[in-house]
Amino acid sequence: MTQHQVRLTAWVHGAVQGVGFRWWTRSRALELGLVGHATNRPDGRVLVIAEGPRSSCERLLELLRSGSTPGSVDLVVESWSDAAGGLVGFVER
């Protein structure tokens, strides 16, 4: 039985641009078998969209909050929905 596919939307606040944060997030997501993207936003946040099994998305969220990311994460605000599909690989934007 295939595990239910979900979409994690995570807004990462802090000093997370220009420090390798998106590259690091992409590496962790690929290790977890997730698809999606990490995108710098004009307000200084990074938007992370990841789709895959709920357990893998939850693990990525834990890693984003772990304190071992590049830069400095102050807050991660997440929301959950059903996977929308259409994503291939995990890219930095």
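Let's start with one side chain: Arg54 has a relative accessible area of 33%, so this residue counts as partly exposed. Keep in mind as we go that the model is a predicted one. What does Arg54 lie over? The answer is the face of Trp80, with 3.8 Å to the ring centre. Arg54 also has a charged partner, since its side chain meets that of Glu58 in a salt bridge with an N to O distance of 2.9 Å. The two residues are 4 apart in helix α2, so about one helical turn separates them. Glu58 is partly exposed too, because its relative accessibility is 35%.

From here we can step back to the sheet. It is an open one, built from 5 strands in the order β4-β1-β3-β2-β5, with mixed pairing. At the edges are β4 and β5, each of which pairs on one side only. On average, neighbouring strands of this sheet are turned by 15° against each other, direction ignored.

Now for the strand pairs. β1 and β4 run antiparallel and are joined by 10 bridges; Arg7 stands opposite Ser81 in β4. β1, which covers residues 5-15, also pairs with β3 in the antiparallel sense, over 8 bridges. In that pairing, Leu8 stands opposite Ala50 in β3. Strand β2 (residues 35-40) is another antiparallel partner of β3, with 6 bridges between them, and here Thr39 is found opposite Leu47. As a general point, strands of a sheet pair through backbone hydrogen bonds, either parallel or antiparallel.

β2 and β3 form a hairpin with 5 residues between them, and Gly44 in its turn has a positive phi of about 100°. Close to this glycine in the sequence, Arg45 and Asp43 join their side chains in a salt bridge, at 2.8 Å from N to O. Arg45 counts as partly exposed because its relative accessibility is 23%, whereas Asp43, at 51%, is exposed.

Why is β3 described as largely enclosed by the rest of the structure? The reason is that 8 of the 8 residues in this strand, which spans 46-53, are buried.

The helices come next. Helix α1 (residues 21-31) has Phe21, Trp24, Thr25, Ser27, Arg28 and Ala29 among its buried residues. Their cover includes β1, β2, β3, α2 (54-64), β4 (72-82) and β5 (90-92). After α1 comes Gly33, with a positive phi near 75°.

How do the helices sit against the strands? To recall the sheet, its order is β4-β1-β3-β2-β5, and β1 and β4 are joined by 10 bridges. α1 packs on the sheet and touches β1, β2, β3, β4 and β5, its direction making about 175° with that of β5. α2 packs on the sheet as well, touching β1, β3 and β4, and its direction makes about 150° with that of β3.

We finish with the charged pairs. The count of salt bridges comes to 6. One further pair is that of Arg65 and Glu78, whose closest N and O atoms are 2.6 Å apart. This pair links distant parts of the chain, with Arg65 in the loop between α2 and β4 and Glu78 in strand β4, 13 residues apart. Both partners are partly exposed, because the relative accessible area is 44% for Arg65 and 31% for Glu78. In general, side chains of opposite charge can pair when their charged atoms come close.

Terms used:
Residues are numbered from 1 along each chain as its sequence is written. This is a predicted model: local features need pLDDT of at least 70, side-chain atom pairs count only at pLDDT 80 or more; totals for chains, interfaces and linings use all residues. Side-chain values use heavy atoms; hydrogens and water are left out. A charge sits over a ring if NZ of Lys or CZ of Arg is within 6 Å of the ring centre and within 35 degrees of the ring normal. Buried means under 20% relative accessible area, exposed over 50%, partly exposed in between (1.4 Å probe, protein chains only). Two strands pair if DSSP finds at least two bridges between them. Contact means heavy atoms within 4.5 Å. Axes are lines fitted to C-alpha atoms, for helices over the stretch in contact, and angles run from 0 to 180 degrees between N-to-C directions. A salt bridge is a side-chain nitrogen of Lys or Arg within 4 Å of a carboxyl oxygen of Asp or Glu.
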